[in-house]
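Let's take a walk through a protein structure together. Have the picture open while you read, and look up each residue as we get to it.

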Amino acid sequence: MDTLILRWVTFIYFASFIVYISLMIFRRPVLGLIAAYTALMGLVLHTVGLAVRWKESYNIGIGHAPLSNFYESLVFFAWSVVAVYAVVERRLENRSLGVVVMPAAFLLMASASLFPGISSRIQPLVPALQSNWLTIHVVTCFFGYGAFTVAFGGGIMYLIKNVGVFTHFSPDGETIVELIYRMVQLGFVFLGIGIMTGSVWAHFAWGSYWSWDPKETWSLITWSIYAVLLHARYVWGWRGKGVAYMAILGFASVMFTYLGVNCLPGLHSYLKM
Amino acid sequence: MPEGRSVFKKFFSSVELTIALLVMICVLLIMATIIPQQEASRELLASLTPQMASFLKSIQVFDLYHSVWLFMLFALLSVNLVCCSWDRLPAAWWRFRGRWDGWAGQDGGLNAPREVVLSRINSGAVTADVKALLEGGYRLTVENEGDGVTVLRGERGRIAHLGVYMVHGGVLVLVLGFAVGAFFAMEGYVNIVEGETVRVVDLKGGHGFLELPFSIRCERFILERYEDGTPKTYRSDITFLKDGVVVHQGALLVNHPLSFAGYRFYQASYGIAPDWRADLEYRGDGGRKGKVTVSEGETFYLPEGDGVVEVLRVEDNLMHMGPAVKLLVSSPKQEASFWVFKDFEHIKARKPLLTETIPLFDPGLFKPYVFTLNGINGRYYTGIQMIRDPGVSLVALGGVMVFCGLIVAFFIVHRYVVVCIVEEETMLRISLKGWTNRRSFSMDKELQTLVQKIKALREGDA
């Protein structure tokens, strides 16, 4: 049931993306409104899907928050991206960023449903994962990833704002850079909390708050890259392209931290799941 | 900037250095995740020439996380942080503590003033209303400069200037705590069979043994499984004894450590003790059958000289398929080695082609006999980790400082407004100026809002 709902959400996000593109092409503001509300509808349904999955896990006797395996992480990542974006779009009063953010959400959801190796079955938690820290650690990390994804969208937007169909509706460079900064600040705080709660959890579960596990190490690398971005403003007066490029580089690091580390052995490996 | 500032000072208090160090740390860490480290590097080492291998080992390429390089980078970063803060904190502290004076003709970087002109009637009430309006968002000081001039200064969020230093201070404390842990932490490991007591633990990293001033006994080990055989929860009930007297006891679960004598004890793993007994049954042709209870390493004979069976291994949970026993059955005519699973029927039902694809899992491999495992039982051992890390409290403190500092630095804004109310012949002239440590447009908006609110105060009057 929950996977069915989530599959619908995938399509709704795709539809929203198409409408955002049409906004760029046809330049009618009403399209922006439709795209935004479609995405919002998708987000609501997405939340329902997560809640249903959570409840179902209790029904079959292995109750836990839907945050414990690869499928669930992809789905929650997509949720945070859209949630962060929904808040941002309202404050920005400009709907054009949807054209770069919605495809990210759609691709995450699509990967969850379509890749053969990813099981959508609700699986029981091994003893090490049976902790309340699981929820807060995973949620804060993915909120961070969500904010960084929107920042990445901003970075892309900055680079294409003078290209073709995007010229008319894109916000100006300064606004985009300011948006990137705010998103990076938000993501930095969330990821920081995520790393810290992960350490606290490790301290109680495995006796050591830091063990240089590849995922731990890469999350620190990601955090440092964004620290560089935050400092670069004061040093080289980065106002434009530099910030955009760093936002994109940071996102590459986020994706490696999320996915790439599974190729390296360690505690966080989803390979077994 | 003070004259004759040494090159040393300039270098170490530069943000460029910070960025360079952060980049270098990232590069080192990336290398460390890609190049196999410590035990994992054995394979790679074997494929290199001895000279190359020993050279790389000597520069700690295979132990980067504990290398002098990483240590130096963090040490330099710490020096850099201290120098940066030393350099910039005084100014920030002045901004935090100092008097803000932006009126009386000086601009002091405040936004261009906005004005509201109202009727002079009821000027006292207007002043009081404006004061109340500002008090809603600011900490206010009022000055009556006489001659019908009132100056209201409002301010909030002064602490914003210190946020950055809280973050950096927190990072320093974190790095210090981590260093203390790296040098002074003690980590040990011990397996205790149910019912047994130990006094000696193995130290991590092959540093030998540690004899404890107390003993640890595992009273009981309890394991619960899910239906498919994977562990659901497990727990050890342990007691701590001094000279044979119980001084402390508790239950140890994954995610729930126990503290005692300055150490923390963790439920790390478990296994089956070597003395596990397996209840085996076998059936051959012509009514030949039998039952035995055996342990690992024992042998027994099949009836009428059909062969001898050696029990090679007893496993509690082989490949998530439950209890299993590995047998080596030999006779002059044939020899077979295979696993006998306790839940063989269930496994076969879920994977019908199992024995065709993996003959090793076929309990009937030694024809014509078929073996069944009715059960295994025995004692478990519990794997306990014990740790004492004096740096943990520092790391925790550092974490809290970084978190609070980030909130202050990113989300608290210092705002300062100056409202000057001048009584003229028939009018009341209210001028507003503002300053913020962030982007000025936010202050513009704030002043705009205030102007509208002040205008609204007198909307009631004609």
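A residue counts as buried when its relative accessible area is under 20%, as exposed when that value is over 50%, and as partly exposed in between. Keep in mind that this is a predicted model. Let's try the rule out on Arg313(B): its relative accessibility is 35%, so Arg313(B) counts as partly exposed. Its partner is Glu315(B), and the two side chains meet in a salt bridge, 3.1 Å from N to O. Glu315(B) has a relative accessibility of 24%, so partly exposed is the right label here too. Elsewhere in chain B, salt bridges with shared partners join Arg220(B), Arg235(B) and Asp237(B) into one network.

What lets such pairs form? Side chains of opposite charge can pair when their charged atoms come close. Over all chains, the structure holds 16 salt bridges. A nice one to find is Arg53(A) with Glu72(A), where the closest N and O atoms are 2.8 Å apart. Arg53(A) sits in helix 2 (residues 29-59) of chain A and Glu72(A) in helix 3 (residues 70-92) of chain A, so this pair ties together parts that are 19 residues apart in sequence. And are these two residues buried or exposed? Both Arg53(A) and Glu72(A) are buried.

Now hop over to chain B for another pair. The side chains of Arg288(B) and Asp306(B) form a salt bridge of 2.6 Å, N to O. This one links distant parts of the chain, 18 residues apart: Arg288(B) is in the loop between strand 11 (277-283) and strand 12 (289-295) of chain B, and Asp306(B) is in the loop between strand 13 (299-301) and strand 14 (308-315) of chain B. Arg288(B) has a relative accessible area of 26%, so it is partly exposed. Asp306(B), with 23%, is partly exposed as well.

Next, look at where the two chains meet. On one side are 44 residues of chain A, in contact with 39 residues of chain B. Together the chains bury about 3700 Å² between them, and 72% of that is on carbon and sulfur atoms. Which residues of chain A lose the most area to chain B? They are Pro127(A), Tyr209(A) and Trp212(A), which together make up 19% of what that side buries. How many salt bridges cross this interface? The rule finds zero between chain A and chain B. There are, however, four residue pairs in polar contact between the two chains. Helix 6 (173-206) and helix 7 (214-235) of chain A each supply at least two residues of the side that touches chain B. Sorted by class, that side of chain A has 32 nonpolar, nine polar and three charged residues.

Let's go inside. The largest nonpolar core has 122 residues, and Tyr13(A) and Leu29(B) touch the most other members. Helix 6 of chain A gives the most to this core, with 14 residues. If you zoom in on Tyr13(A) and skip residues up to four places away in sequence, you'll find that it touches several others, including Ala39(A), Leu43(A), Phe106(A) and Met109(A). Another core lies apart from the largest one. It has 32 residues, among them Ala128(A), Val294(B), Val309(B) and Val340(B).

Let's finish with some single residues. Thr10(A) lies in helix 1 (residues 2-26) of chain A. With a relative accessibility of 5%, Thr10(A) counts as buried. Leaving aside neighbours within four places in sequence, Thr10(A) is in contact with Phe106(A), Met109(A), Ala110(A) and Ser113(A).

Tyr158(A) lies in helix 5 (residues 132-160) of chain A. Its relative accessible area is 16%, so Tyr158(A) is buried. Tyr158(A) and Tyr245(A) are 87 residues apart in sequence, yet their C-alpha atoms are 9.3 Å apart in space.

Last stop: Val61(B), in the loop between helix 4 (50-58) and helix 5 (68-97) of chain B. Is this loop residue buried or exposed? Val61(B) has a relative accessible area of 12%, so it is buried. Not counting neighbours within four places in sequence, Val61(B) is in contact with Ile35(B), Gln37(B) and Leu56(B).

Key. Residues are numbered from 1 along each chain as its sequence is written. Chains are lettered from A and ligands numbered from 1 in the order in which they are written. This is a predicted model: local features need pLDDT of at least 70, side-chain atom pairs count only at pLDDT 80 or more; totals for chains, interfaces and linings use all residues. Side-chain values use heavy atoms; hydrogens and water are left out. Contact means heavy atoms within 4.5 Å. Buried area is the accessible area (1.4 Å probe) that two parts lose on being put together, summed over both. A salt bridge is a side-chain nitrogen of Lys or Arg within 4 Å of a carboxyl oxygen of Asp or Glu. A polar contact is a pair of N or O atoms within 3.5 Å; within protein, one must be able to donate a hydrogen and the other to accept it, and residues adjacent in sequence count only if both atoms are side-chain atoms. Helices (H or I, at least four residues) and strands (E, at least two) are DSSP runs, numbered from the N terminus. Ala, Val, Leu, Ile, Met, Phe, Trp, Tyr, Cys and Pro count as nonpolar, Asp, Glu, Lys and Arg as charged, and the others, Gly among them, as polar. A nonpolar core is a set of buried Ala, Val, Leu, Ile, Met, Phe, Trp, Tyr and Cys residues joined through side-chain atoms within 4.5 Å. Buried means under 20% relative accessible area, exposed over 50%, partly exposed in between (1.4 Å probe, protein chains only).
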